[in-house]
Each structure stands twice: as structure tokens, then as C-alpha cells.
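Colleague: I would like a close look at the disulfides in this structure. Please set them against the rest of the protein afterwards.

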Amino acid sequence: MLILLPLRLALLGLSLAPVISAHPTGSATPQDVPRGLLPQDPSEDPFYQPPGGFEAEPPGTVLRSRRIVASFFGLLPNLIEAHQLLYRTTAIDGSAISTVTTVFKPLNSKPDRFISFHTAYDSSAVSCQPSYQYQLGSPQTDLILSLEMLVIQIYLLLGYVVASPDYEGPDAAFGPGRLEGTGVLDGIRAVGHHHAALGLDSATPPVVGVGYSGGAIATGWAAGLQPTYAPELDIRGWVAGGTPANLTGTLVFIDGTAFSGFIPSAIVGLNQPSAYGARLQPVLDDIVTDAGRSILETTSTQCAPAALVSFFGRSLFDPAIQTMGRGILHEPTVADILKANTMGANSSETPTAPVFLYHATDDEIIPYANATTLRDAWCSDGADVHFTTFASGGHATTEVIGLPRVIKFVEAAFEGKTAKGCAMDEELSDQLEPLALGVSLEPILVKLLHALMLAGKKDGKLRQDVKVWGEIF
Ligand SMILES: *[C@@H]1O[C@H](CO)[C@@H](O)[C@H](O)[C@H]1NC(C)=O
Ligand SMILES: *[C@@H]1O[C@H](CO)[C@@H](O)[C@H](O)[C@H]1NC(C)=O
Ligand SMILES: *[C@@H]1O[C@H](CO)[C@@H](O)[C@H](O)[C@H]1NC(C)=O
């Protein structure tokens, strides 16, 4: 749920305006780009359709593969080898579904390991899937993931192959952690099955999974489900920052704030067919008003920036939206689904690979207390957890300030050198040392830092930014 402020991309010397205005829905063709070169929206692109009979294949089976032209912000070609794999994964009800992972392979990549990177796309519209947004010529409507491309770039420069799955599954279900977790694990399996083409030397290469904010929902659930769902994987560690461990806690924390827009997105996500739609739709049909229905319909077509604008400052508990008020949290089906999506609540879902959790005390989107509750649950259930508290900075800035510690953990995890047991420490500085990760990474870090700092500085500029978004989207 990272809010990174899209429109600060101008800082990076890029203007998105031509792409956005020529290409508002993904269906129009800008005059100056030959049609054949434009990627197709996932709802139209046959690559996303699984072949007949795929349901009989085991989870993680590669169903299709292709090469794509990757990009920075949809505009600049990213001259890196990029592959996409359509793979079989599993819906909440246990049925077979398919989704896509995008795998970036740098020159001279390390052949014996890779990073599973779970970008924070935070949206319940299929046009926001990372596999689409990464392609050259795609409309950059999910700018959070566009900016996180800079974080991926850091791993690529360090020589890692990076896989970034569409972990929300085929209908883009934002919120249901179990679906996202199995989407991540089957994406890791798919990379293993396709290893030869990706320059990896084994079908079960060592992996570290990382994600921040919305990406930490996918990461935390993958960590908890892996010992039972995918025990054969060689997972060396998990990194989750700004982790929404408890959906109810996040909901009540952001309701009525600048970040309320994540709530209708998550309701749409939880209600998708691959998630809890069969159980949740009848409840929503009973309690959601016409105005509420129209909000959910709009949200189901929006990526995170637009959804935040649409629902800015509003409350889910508003009787104009649904008739139960705060009682919605106690409606039995809703309560059951929210409970099933609380990380750390079931001790049989405790990670066995080492975990690094980090969180800002002043995180204004994801409550800090819910992350420490997760830490304590996992620690008392025997997990190896390192938890770093960031004492200054907010949600977006902590993603960047945390990077040197994240990279250090990733490297130690691959070497099997992380500490056993549980440890906590505190980072007092709110500054990133751009040289902390080495001279070659400095230019990227400076850009990233600049964008994130403006975005996140306690989000004091948020109202103003939201106005800017409103003008653009
Ligand atoms: C999740 O958050 C809710 C609302 O703040 C709280 O009542 C509940 O106890 C939390 N659940 C867990 C398992 O921590
Ligand atoms: C706890 O997790 C295990 C493993 O995912 C699952 O089989 C079991 O049903 C869960 N228990 C409850 C009460 O949800
Ligand atoms: C989760 O966060 C919410 C919102 O800040 C808070 O009310 C609740 O007490 C927290 N619950 C737990 C168990 O951490």
C-alpha cells in the first residue's frame, strides 16, 4: 500500500502526460506507436488465457512463456532480458487458476539463486497487473509499481535474477493473503521449472522473497504457508516491511483518511471469484447501497492512485455506502474472512525460513502495533525473526531508508548467516546513505530517495498531491 507519489516522476526527468492522455484506458493507440508494438491489456491478451486442461497440472506448472520488452515507466526500454511465465496456482476454494510472473535476468546473473520480488500494486483491476505494467508502451496507471522498478533495479545491479509475480491472481484480488501467498509460492516453483531458460542451474534454486506494504501481504503469507504448501522449495529468507499483518487493524486505521481508497479496493479484491466471492457477494448484496455499489464498480477498474483519489477521506462505515455501519466488522461472514486473513494467528502457519520485518513507528498507513503483534506471535511459535523499528520517517520513506538493511539481510540469508531466534533493534536515522550499497548503485538510490522522500515525508504534502492526481487521472 505504498504511496509513492506518482506524479513526482517528473523528478526523474520523465513526463507521463503524453502516455496517459493518449492512452487513458489501455485500449486507445497513441498515434506515434505502431499498434503491433503495444502490449495488450490482460483482459484481451491471449497469453493470459490458460490452455485447456491446465487444471490437471500441479501448482507451479508453466503453461506458457514468452519474452517481453521491459521498460522504465512504460516509456524507456529497459535493456534487460525479461521473460514471462503463465503458471498454474490455486484459488481460495482450492480450485486451479493461473497467473503470470515476470522474470528479469541481468547480464552475468548469479546462476544459483534468485529474488522473488512482490511489488505493491494494491489494486483490484486486471490492467494494474505488474506483468502488463512492466511492458514497454503500457499505460502507467499503477505508479507504485513503476517506482518500485527502481528497487528491482538495485537487485539486478547486484547480479540477481528477479521474478515479480502477479500474486493477486487472474482477477486481481488485492487483500486475500492466502491467495497472494500461494501465488508467490507457485511463481517460485514456475521459475524453478523454467530454470534453464533463465540462466539458473537448478530446478529448486535458493530464493529470498521480499515485499513492502501491499507486497508484504504476499510475502508474509508466502512465508507462513510455505512449510505446508511448498515444502520442497529452497527458501533462504523472507523480507517484509510495512506489513499489513491484520486487515481489520489496517481498515480501522485508515478509514476516513487520505488512504481510505485502499478499503474499497480490498473489498473488491476479497470479493473476486478466485478469493471469497462465493461467500461474500451475497452479504454485500444485502447491505451495500446503490451508491456503495457504484463505488465498488468504479474501484474495480482503478489502479491504486485513482482509487485513492476517488475515496479520499471517506468512510466504509458511512450509511450511504452500506447499512450496517461499524457492525459490518462483526457480520459473521465478513468477520470470518478478516480473521482468516490475519497473519500469525495460526501456529501451523509459522515460517521456517528466517524473516526480516521492519516497520516505522509512525507509519501512517499500516499500524505499527499490528506488525509487532505478528512478530511476537511468530517468535513465540519458534520462528527466526529480526525486527527493526524505524523511529523516524513514515510509510514510504521507510521503504527506502530500510534498503541497506534489507540488502544486508538478503545477502546473509543466501549465505545461511542470519541469526537464530528473535532479535529487535532500532534505526534512528531518517537519512539514507546513498553510498551504503556501493558506488555503482548511487545514481539509482539518489533518484529513488528523492522521489520517495517527497512522497513520504510524513505525507504532509498529501492533500496537494491528491489534487495533482485528480487532475491527471
Ligand atoms: C486484529 O485487529 C483487530 C482490530 O484492531 C483486533 O481486534 C484483533 O484482535 C487483531 N487480531 C489479532 C489476531 O491480532
Ligand atoms: C492452520 O493452518 C494449517 C496449515 O495451513 C491449516 O491446515 C489449518 O486448517 C489451519 N487451522 C485453522 C483453524 O485455520
Ligand atoms: C491493530 O491495529 C489497530 C489499529 O491501530 C489497533 O486498534 C489494534 O489494537 C491493533 N491490534 C493488534 C492486536 O495489534
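Modeller: The disulfides come first, then a glutamine, the ligand and the whole protein.

This is a predicted model, in which local features need pLDDT of at least 70, side-chain atom pairs count only at pLDDT 80 or more, and totals for chains, interfaces and linings use all residues. Residues are numbered from 1 along each chain as its sequence is written, chains are lettered from A and ligands numbered from 1 in the order in which they are written, and side-chain values use heavy atoms, with hydrogens and water left out.

A disulfide is, in general, a covalent bond between the sulfur atoms of two cysteines. Here the criterion is a pair of cysteine sulfur atoms within 2.5 Å. The count is two disulfides.

Take C128 and C303. Their S to S distance is 2.1 Å. The angle about the S-S bond is -105°, and the link of C128 and C303 is left-handed. This pair links distant parts of the chain, 175 residues apart. C128 sits in the loop between β6 (114-118) and α2 (130-133). C303 sits in the loop between α9 (290-299) and α10 (304-310). Helices (H or I, at least four residues) and strands (E, at least two) are DSSP runs, numbered from the N terminus. Both C128 and C303 are buried. Buried means under 20% relative accessible area, exposed over 50%, and partly exposed in between, with a 1.4 Å probe and protein chains only.

Now C379 and C422. Their sulfur atoms are 2.0 Å apart. The link of C379 and C422 is left-handed, with -105° about the S-S bond. C379 belongs to helix α12 (residues 368-380) and C422 to strand β12 (residues 422-427), so the disulfide ties together parts 43 residues apart in sequence. C379 has 23% relative accessibility and therefore counts as partly exposed. C422 has 40%, so C422 is partly exposed too. With bonded cysteines counted along the chain, the disulfide pattern is 1-2, 3-4.

Next, Q84. This residue is in strand β4 (residues 81-90). Q84 counts as buried because its relative accessibility is 0%. Its side chain makes a polar contact with the side chain of T102, at 3.0 Å. A polar contact is a pair of N or O atoms within 3.5 Å; within protein, one must be able to donate a hydrogen and the other to accept it, and residues adjacent in sequence count only if both atoms are side-chain atoms. A polar atom of the Q84 side chain also lies 2.8 Å from the backbone oxygen of S131. Beyond neighbours within four places in sequence, Q84 is in contact (heavy atoms within 4.5 Å) with residues including F47, R64, V100 and Q135.

The ligand is next. Around ligand 1 are N246, T248, G249, T342 and T373, each with a heavy atom within 4 Å of it. An oxygen atom of ligand 1 is 2.3 Å from an N or O atom in the side chain of N246. Taken alone, ligand 1 exposes 360 Å², and the protein buries 43% of that.

Last, the whole protein. It has 16 helices and twelve strands. Of its 473 residues, 62% are buried. Among contacts between residues at least 6 apart in sequence, 78% join residues at least 24 apart. The accessible surface is about 16900 Å², with 56% belonging to carbon and sulfur atoms. Accessible areas come from the Shrake-Rupley method with a 1.4 Å probe; for residues, only the protein chains shown count as cover.
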